Amino acid sequence: MNIQKGILIENRYEILEKIGSGGMSDVYKARCHKLNRYVAIKFLKPEFCEDKTFVKNFQIEAQSAAALLHPNVVSVYDVNQTDGIYYIVMEYVDGITLKKYIDRNGRLPVKEATSIAIQIAQGIDAAHSKHIIHRDIKPQNVLISREGKIKVTDFGIARTTTANTISTDILGSVQYISPEQARGGQIDNRTDIYSFGIVYYEMVTGKLPFDGDSTVSIALKHIQENVPMVSDVVEGVPNSVSRIIEKCTQRKPDRRYQKTSSLLSDLKTSLITPNEDFVVLEPEPSESATVIMSEEDAEILRREGERVFGRSSYPQNQNRQRTAGRTALYAERNNRNPVRREYEGYRGRSYDPRYQSQRRSSAPPSRNTRNSDRKKVDKALVICGIIAGIVIIGLLAVVCFSTFSSGNCRGNAAVPQETQTEVQTTVLTGQEVPGVVGMEVSQAQTALESLGFIVKVKYAHSDSIAREYVIDQSVKSGINLETGQEIILTVSSGQETTTLEDYTNQEKESVIVKLEGLGFRVKVTEDYSEEIEEGHVIETNPVAGSDVAKDTEIEIVVSLGPEVIMSYVPNVLGYSEYNANDLLYLNSLNSVVYYEVSYGNDGLVIAQDPQAGTELEEWSTVTLVVGVEPYEEPYYPDDNWEEPAEEPVEEPSEEPVEIPVEEPVEEPSEEPVEIPIEEDTQIIVEP
């Protein structure tokens, strides 16, 4: 399947862009159309999808991680496959990795580094409480969101990767690998604590403790060398920070923090009182002094070896170099397991007759006698350890010799045929079954099969034993069993699980009753939804179809109905109609306009409803009143009045026009004029 931008996965997830790539997967940003949110989808590369064992482990571990709900852990929403490609749908975190943050900023301030460390440790502690070990804690697996939230990712997935693949990103992981991981030993919570200590070291110093030309050389340094003291690398680092890192990165797991909760307590104390000396380091175990074997002790050892193997079955000179190498190997194994060495030493004391005589003596020994006895006991412990190594080497040598003698090498008669048969029978009936309860199933199988036993595995639910670890073995440890015999291992499949139903669009109260009836704890959160009715379930976390253990907290997201977004009405009085409409639109509001006569406010808003500052739902309508100048209509006398037509204008004639000459007007004379008056005319003179 070709994953590219724009394709729709399961008719739900739209691929937007590629945001990362690793040794086993590619990561894409996508949009979930069902819940309208961004998610990150991690697609397994095709070569891993063809490995059925890998896919099975991948699904189991991803489902375990899906049950992990914590603010400092990237949530896993779904595990599925399409067209043969398996993928995980996870929470999308908009930000960068801690590795890029350190590369960009260099050495971080101590308070900032400690604050980040606390959030990382909280995420790890939440996983450990669910019996989930990360196995690949490194800055590349720590995300910093734009809001400054720290989230650890890839919980449960690292186990599948390290068990089945050789990642191209192994150089990034080996810088933070614990000594027991580098040796291939048993892994527990303290492995994550060691890797956490290296991450904290890098934040505080800006550099890594070990470097080398190859992954092997770096891994060997983790096994053989102590992490440098932070105070020797950077000046001014508070004493408590240096001591916390020192305790986290002890090569022996017993000297580290045994629980993440204890680490968290010290980190929080350091944030408040960084210079106080409150971190308690376990004392370094004292090494036993070298004991020179006396001739008497050597004679006891020689006689015991002859008693077990017979004189003629001792390894010959030609095998001395191989024997020395094997002795060194077993000595190293004994040093790795002090409990086993102590047990073998106790059992070996019965071989020393002097020790038996001391136990039978009833008189209290003197001080000198006690010191002498203590030295003898120390010698006896060394002798017994060597005896155990020689016993094993001798058995191997006899088996090899008998194998060669039974073929075409009959000319070699170092061991008589009768002795050879007797010793071989002893080997077949004398293999001691080791105890493998509590070991990871793959390690237990290897240990038993290397001794010639046939191993079968059956699974059973367990509330206390982590997944893929041995609960019980059909043949108890310490019993002698012939090779080729069958041993059945009972392995934990984790807590008993129930497949979570799809409760989408069901009423909240009924879903709570159903989940609590199945033994789950219920957490209710609310969110808006355009599709789901108010009071009904949008989704669950873990998602429907997940296998969930009892007493797990199930988060149900309940719909609040469509989201209502409020807007404040701006003041648009005095604005032009055009500008007022624009301002309302920018505030997600609509408008309706009415006009009213207003002198001097032509085209301006003179009133609005509601008033400025009122809170309304988005895209509500605001009423505006815009002023206009009054309009005067012309006066008409009656309805039938018509405007007179214009008289035609005569065009001027081109003929010459005669201008008449006026006759002179006589000026009136200034002399008095006589007016005739008739008789009997009355003349009235006004004053």
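**Figure 1. Lys 268 sits in helix H12, residues 260–272.** Helices (H or I, at least four residues) and strands (E, at least two) are DSSP runs, numbered from the N terminus. This is a predicted model, in which local features need pLDDT of at least 70, side-chain atom pairs count only at pLDDT 80 or more, and totals for chains, interfaces and linings use all residues. Residues are numbered from 1 along each chain as its sequence is written, and side-chain values use heavy atoms, with hydrogens and water left out. Lys 268 has a relative accessible area of 42% and is therefore partly exposed. Buried means under 20% relative accessible area, exposed over 50%, and partly exposed in between (1.4 Å probe, protein chains only). Beyond its neighbours within four places in sequence, Lys 268 is in contact with Ile 118 and Gln 122. Contact means heavy atoms within 4.5 Å. Lys 268 and Ile 118 are 150 residues apart along the chain, yet their C-alpha atoms are separated by 7.2 Å.

**Figure 2. The whole chain holds 21 helices and 24 strands.** Of its 687 residues, 37% are buried. Among contacts with a separation of 6 or more, 68% join residues 24 or more positions apart. The accessible surface comes to about 41700 Å². Carbon and sulfur atoms account for 49% of that surface. Accessible areas come from the Shrake-Rupley method with a 1.4 Å probe; for residues, only the protein chains shown count as cover.

**Figure 3. A salt bridge joins the side chains of Lys 18 and Asp 26.** The N to O distance is 3.8 Å. A salt bridge is a side-chain nitrogen of Lys or Arg within 4 Å of a carboxyl oxygen of Asp or Glu. The whole structure has 17 of them. The two partners here differ in cover. Lys 18 is partly exposed because its relative accessibility is 47%. Asp 26, at 17%, counts as buried.

**Figure 4. Lys 42 and Asp 154 form a salt bridge, with their closest N and O atoms 2.7 Å apart.** The pair links distant parts of the chain, 112 residues apart. Lys 42 belongs to strand E4, residues 37–44. Asp 154 lies in the loop between strand E9 (150–152) and helix H5 (157–164). Both residues are buried.

**Figure 5. Arg 135 forms a salt bridge with Glu 440.** The closest N and O atoms are 3.9 Å apart. Arg 135 lies in the loop between helix H4 (110–129) and strand E8 (142–145), and Glu 440 in the loop between strand E10 (431–432) and helix H19 (441–449), so the salt bridge ties together parts 305 residues apart in sequence. Arg 135 is buried, at 8% relative accessibility. Glu 440 is buried too, at 12%.

**Figure 6. Asp 188, Arg 190 and Asp 254 are linked in a network of salt bridges.** Look for Arg 190 together with the two Asp residues, Asp 188 and Asp 254.

**Figure 7. Ser 75 lies in the loop between helix H2 (52–66) and strand E5 (76–82).** Ser 75 counts as buried because its relative accessibility is 11%. Apart from neighbours within four places in sequence, Ser 75 is in contact with Met 90 and Glu 91.

**Figure 8. Asn 581 is placed in helix H21, residues 577–586.** Its relative accessible area is 23%, so Asn 581 is partly exposed. Leaving aside neighbours within four places in sequence, Asn 581 is in contact with Ser 591, Val 593 and Leu 624. Ser 591 is 10 residues away along the chain, and the C-alpha atoms of the two are separated by 6.5 Å.

**Figure 9. Tyr 585, Leu 586 and Trp 619 make a nonpolar surface patch of about 400 Å².** Patches are made of residues with over 30% relative accessible area and no salt bridge: like charges are joined within 9 Å, and nonpolar side chains (Val, Leu, Ile, Met, Phe, Trp, Tyr) within 5 Å. Trp 619 lies in the loop between strand E23 (615–617) and strand E24 (621–628). At 40% relative accessibility, Trp 619 is partly exposed.

**Figure 10. Asp 527, Glu 530, Glu 531, Glu 563 and Glu 618 gather in a surface patch of negative charge.** Lys and Arg count as positive and Asp and Glu as negative; His and the chain ends are not counted. The place of a charge is taken as NZ of Lys, CZ of Arg, CG of Asp or CD of Glu. One of the members, Glu 530, is found in the loop between strand E16 (521–527) and strand E17 (537–541). Glu 530 is exposed, at 65% relative accessibility.
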